[in-house]
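Biologist: I'm new to this one, so could you walk me through it? I'll ask, you explain.

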Amino acid sequence: MNQLLSFSAILVLLCFCIGECKYMVYDTSQTVRADKINVHLVPHSHDDVGWLKTVDQYYTGANNSIRGACVQNVLDSVISALLDDRNRKFIYVEIAFFQRWWNQQSEVLKTKVKELVSTGQLEFINGGMCMHDEATPHYIDLIDQTSLGHMFIDREFGQKPRVGWQIDPFGHSAVQAYLLGAEVGFDSLFFARMDYQDREKRKNEKTLEFVWQGSKSLGSSSQLFTGIFPRHYDPPDGFTFEINDVSEPIQDDVLLFDYNVQERVNDFVAAAIAQANVTRTNHIMWAMGTDFRYQYALSWFRQMDKFIHYVNLDGRVNALYSTPSIYTDAKYAADETWPLKTDDFFPYADKANTYWTGYFTSRPTFKGYVRTMSGYYVAARQLEFYKGRNGSGPNTDALADALAIAQHHDAVSGTQRQHVAADYALRIAKGYAEAEEVVASSLTFLTSLRSSEYIEKSVGTFQQCPLLNISYCPPSEAVLGDGKSLVIVVYNPLGWEREEVVRIPVSSHELIVLDSGGKEIKSQLLPIFNASLNTRNYHVKAYLGKSPSNTPLYWLGFTASVPPLGFNTYIISSAKHTDTRSTMSTVWTSDSTSDKTVVVGGGNLKLHYATDEGKLTHYINNRSLVEESMEHSYSYYSGHNSTNQASGAYIFRPNGAFPIKTEGQKAFAILKGPIMDEVHQELNPWIYQITRVYKEKEHAEVEFTIGPIPIDDGIGKEITTQITTNFKTNKTFYTDSNGRDFIKRVLDFRTDWDLQVNEPVAGNYYPINLGAYVEDGTMELSVLVDRAVGGSSLVDGQIELMLHRRLLFDDAKGVGEVLNETICVQGDCKGLVVQGKFYIRIDPMGDGAKWRRTFGQEIYSPLLLAFAEQEGDDWKNSHASSFSMIDASYSLPNNTAIITLQELESGKVLLRLAHLYEVGEDKDYSAMASVELKKLFPNRKISKVTEMNLSGNQERGEMEKRRLNWKVKDSSEGKIVRGGGVDPEKLVVELGPMEIRTFFIDFDYLTPKKGRAVILIIMFTVAEDGEGVADKNNHPYTAMGAVGRLAVAAAAAVEGMEIRRFL
């Protein structure tokens, strides 16, 4: 301090003597000092990839009447400021913005920016396309969006992000810590938002920084150093320097009346000491920035230059330009022993009565759309790989980009403004349209037995039905003329064989269904009721701008059996007079019998309903001997409208709970048939429900249609459903973390502090992506979902899900818009209608995980349907009816899934395999799994397998060498089970419980020189009946496997066509 006073006195004397002050050179070269408090100044701008404005508007600075934000200006300004002083630093996070900016720059500037990156002045932190939400995305989406950003950074700069920077999401998941942290090679993770009660306790105990172990299965190998800012992700009060900010700048020109160097240095030192008092070691971090800052970067850097210079002259603390990586290394070098954190940081409240648990459900149709397209993207990438990636034509990249930014913490969360939600949806729709072409062309390629020229001309053969969920599918609804049939190719993106019921709308009752061998199979017709038709007609007109041309009369259902990573073909034909035909469902109504109870279900599962009220009363499984009373009900919470804190897009604050009872004496109908039974119930004009029990399945499927939620009474409503049993669950329940691990929850309890309960409902809500379950020592009740929702178990033996929200007040958390979604047709706007599904099952204790894991994967990756028309037997004679990518004798282990199979631009193939079970979750499947790559790719020669980190930007071995091993208090664990290395000869991949392994695979392809015709001869034999096909080594093929490859390969490779596309 004396040094600073002496310097100031000399400066004053010189200025007054010569009458002016010369250009000042500030010393910003300071590094870490071991003997002082080190204040790491980390310049950053938090740039939302959509929120109040669309992605494009934020980037270009358009629509500034909403907010004056222009990311393009931020990056232009920051780069210029960094080039002015080599000591300055900046971190950047949102690669969706940076990639766009980068592509617009000159080669000269790109060279300079690469130098900034290589010297560490500009550092990429987090590195995904966006800063994703942590409550509502599926873990596969989190991996995909992170990988896109990481691969861009590696490709352009050769850099690997080291630090997670999740400063703004509204709660933090265990999956984020271990999967999107430790498994991508991060050394640390930093965030800002946490429960206000937890924050105060951690500040008092100096535990804002700790080691987070997010996975019990992966143990210490999943540990990650984690830091929470003491307040928010902005600087301490008085240190924000955007051009319009109110913080006092350092005025160091002594000719100015407001010269204040010492005053501002004192402020800086006081703020630094205050933060040091709640932080371990002599290192603290200041996040120098906040939302959309540095649009005029010099206004920030000028002040930070001065503070670093004068604070270090003062000498009481040490200030330096820094990054989270430098800060992490300093913390590690301190050799501190850190407290250990397990589980997660949900739910989040920033003050009493303000729980950020409403967004778990907000915008449920958008959440459903994202989840549906996510599963479709997995399948589309597989099919793109089979055929070969098209660099110039349609590919899956647009869908990848759209889904990536949809994971943003103000996108899939449902907390964006309405026009931004529409923009996200439009991007996904455009991406889907291109991916749909990829799927169609790939299936055309895989099914065709004709020449490659025919394949290229017949891309439009297949149609798909993205609106099938609302009973709209033009190819299946068309009336079949003389000699014509409907062809359905059913593709299975999972690694095990599946038998599932396919349901399509049809216009005739005289139909038969033939399997891929031409054999008639059992099928069932169910009448389409007016409630479904009304939903269909209104929404088709809203989405397509025109009314449907046909009105289907029935749902046609049949059981499809589909091989792993392959397809089977089914033919729908008009029944002739001599044929059997689809079975018409019998219809039973509540007023047609005097029985007090009706039983639904033709297989092991039986649901009992009381006929007088139409209520579910019992759940019985004859195989497992489960018999339990069960009720299913709906209710709503009225949204609090207090100006102190209202319920809104983010916040769930109920003002009373009200049961929804059936209005009047509404009849309910039961449809029964050989494949499924259905119970149709209209609770009121805005809630309609269908409960399905499939004969060969042991769970109940509930399809709900909710909306428009009435608001004529001036009250916003949050609609919930309850599944209630008599289980004694001791206030305990389990919810998933991003569809991956399940975490134990206890009502009104937190593991890290003594909870002061002030919101007994909202404070016990948790995000659900896969499902929730409760157990009572003898049985388990599980409920799985088809999209992200909020849920809880507020009563023993009960699971509650929030399915829809419509509110009338803004919750004052920044979006500035009421969550009151509507859908409009020609200016006629109604409240949003959401249609979705959830699934219910009861198992003996210990058996529920098998269903949750297997069926949960099938919910995420449904069967993909593609439709074509057949004239006579033309299709059967010219197309393969069945296909599987993998060896005919092989399927993946039941505890393993392929979550990524994708050909990259480099030609390498990206393969991710996931173990689906946790340690101790299941007596059979919580064990080491093995996947045989040779059988996974039986018709391709693998030349090299390289194991990568989760995001594919570095070899895993190199990542492990660089991993920081932190000292942790109270760390004790059993043996960690992880798979070993991959033998290059055996090519077998092992996976331990909850392990995900990522590989780049190189195949040996035969690529002819341009202009050279190549004919590939495949030796095969055909059995007399024409069905059995084998190669010369007696390996079985489908017809496509041999004949298709022969026909295509023989005609290929003229004028440089690559044979690898067809093998």
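**Helices and cysteines, step by step**

Modeller: Let's start with a helix pair: H4 and H6 cross in a left-handed way. Keep in mind that this is a predicted model.

Biologist: At what angle do helix H4 and helix H6 pack?
Modeller: Two packed helices are described by the angle between their axes and the distance between the axes. Here H4 covers residues 95–103 and H6 covers residues 139–157. Their axes are 10 Å apart, and the packing angle is about 35 degrees.

Biologist: Which residues of H4 meet H6?
Modeller: On the H6 side, the contact involves Gly149, Phe152, Ile153, Arg155, Glu156 and Phe157. Sorted by class, the contact of H4 with H6 has 6 nonpolar, 2 polar and 2 charged residues. The residues H4 brings to it are Ile95, Phe98, Gln99 and Trp102.

Biologist: H4 also packs with H3, so is H3 roughly parallel or roughly perpendicular to H4?
Modeller: The axes of H3 (residues 71–84) and H4 come within 10 Å and cross at roughly 70 degrees. Angles from 65 to 115 degrees count as roughly perpendicular. That crossing therefore makes H3, relative to H4, roughly perpendicular.

Biologist: And is the crossing of H3 and H4 left-handed or right-handed?
Modeller: From H3, the contact takes in Val71, Gln72, Leu75, Asp76 and Ile79, and from H4 it takes in Phe97, Phe98 and Trp101. By class, these split into 6 nonpolar, 1 polar and 1 charged. As for the hand of the H3 and H4 crossing, it's right-handed.

Biologist: Now H12 and H14: how do they lie, roughly parallel or roughly antiparallel?
Modeller: H12 spans residues 364–387 and H14 spans residues 418–447, and their axes come within 9 Å. They cross at roughly 30 degrees. Angles under 35 degrees count as roughly parallel. So H12 and H14 are roughly parallel.

Biologist: How many nonpolar residues does the contact of H12 with H14 have?
Modeller: H12 passes H14 in a left-handed crossing. The contact of H12 with H14 includes 2 polar and 3 charged residues. Its nonpolar residues number 20.

Biologist: Let's switch to cysteines. How many disulfides does the count come to?
Modeller: A pair of cysteine sulfur atoms has to be within 2.5 Å to qualify. Cys465 and Cys473 make it, with S to S at 2.1 Å, and Cys824 and Cys829 do too, with their sulfur atoms 1.9 Å apart. The count comes to 2.

Biologist: Is the disulfide of Cys465 and Cys473 right-handed or left-handed?
Modeller: Both of its cysteines, Cys465 and Cys473, are buried. The torsion about their S-S bond is about 60 degrees, so the disulfide of Cys465 and Cys473 is right-handed.

Biologist: Are Cys824 and Cys829 buried or partly exposed?
Modeller: Their S-S torsion is about 105 degrees, so this disulfide is right-handed. Buried means under 20% relative accessible area, and exposed means over 50%. Cys824 is at 36% and Cys829 is at 42%, so Cys824 and Cys829 both count as partly exposed.

Biologist: Why is Cys70 not bonded to Cys130, and how far apart are their sulfurs?
Modeller: Cys70 is buried at 5% relative accessibility, and Cys130 is buried too, at 1%. For Cys70, the closest cysteine sulfur is that of Cys130, which is too far for a bond because the distance is 20 Å.

Biologist: What about Lys110: is this residue buried or exposed?
Modeller: Lys110 sits in helix H5, residues 107–118. Leaving out residues up to four places away in sequence, Lys110 touches Trp102 and Gln105. Its relative accessible area is 14%, so Lys110 is buried.

Biologist: Which residues does Thr535 touch, if we skip those up to four places away in sequence?
Modeller: Thr535 lies in helix H17, residues 530–544. Thr535 is buried, with a relative accessible area of 14%. With that sequence rule applied, Thr535 touches Ile470, Thr705 and Gln835.

Biologist: Last one: which residue takes a positive phi just after H11?
Modeller: H11 runs over residues 324–333, and its buried residues are Pro324, Ser325, Tyr327, Thr328, Ala330 and Lys331. Just past this helix, a phi of about 60 degrees turns up, and it belongs to Asp335.

How values were computed: Residues are numbered from 1 along each chain as its sequence is written. This is a predicted model: local features need pLDDT of at least 70, side-chain atom pairs count only at pLDDT 80 or more; totals for chains, interfaces and linings use all residues. Side-chain values use heavy atoms; hydrogens and water are left out. Axes are lines fitted to C-alpha atoms, for helices over the stretch in contact, and angles run from 0 to 180 degrees between N-to-C directions. Helices (H or I, at least four residues) and strands (E, at least two) are DSSP runs, numbered from the N terminus. Angles under 35 degrees count as roughly parallel, over 145 as roughly antiparallel, 65 to 115 as roughly perpendicular and the rest as oblique. A crossing is left-handed if the near helix is turned anticlockwise from the far one by less than a right angle, and right-handed if clockwise. Ala, Val, Leu, Ile, Met, Phe, Trp, Tyr, Cys and Pro count as nonpolar, Asp, Glu, Lys and Arg as charged, and the others, Gly among them, as polar. Buried means under 20% relative accessible area, exposed over 50%, partly exposed in between (1.4 Å probe, protein chains only). Contact means heavy atoms within 4.5 Å.
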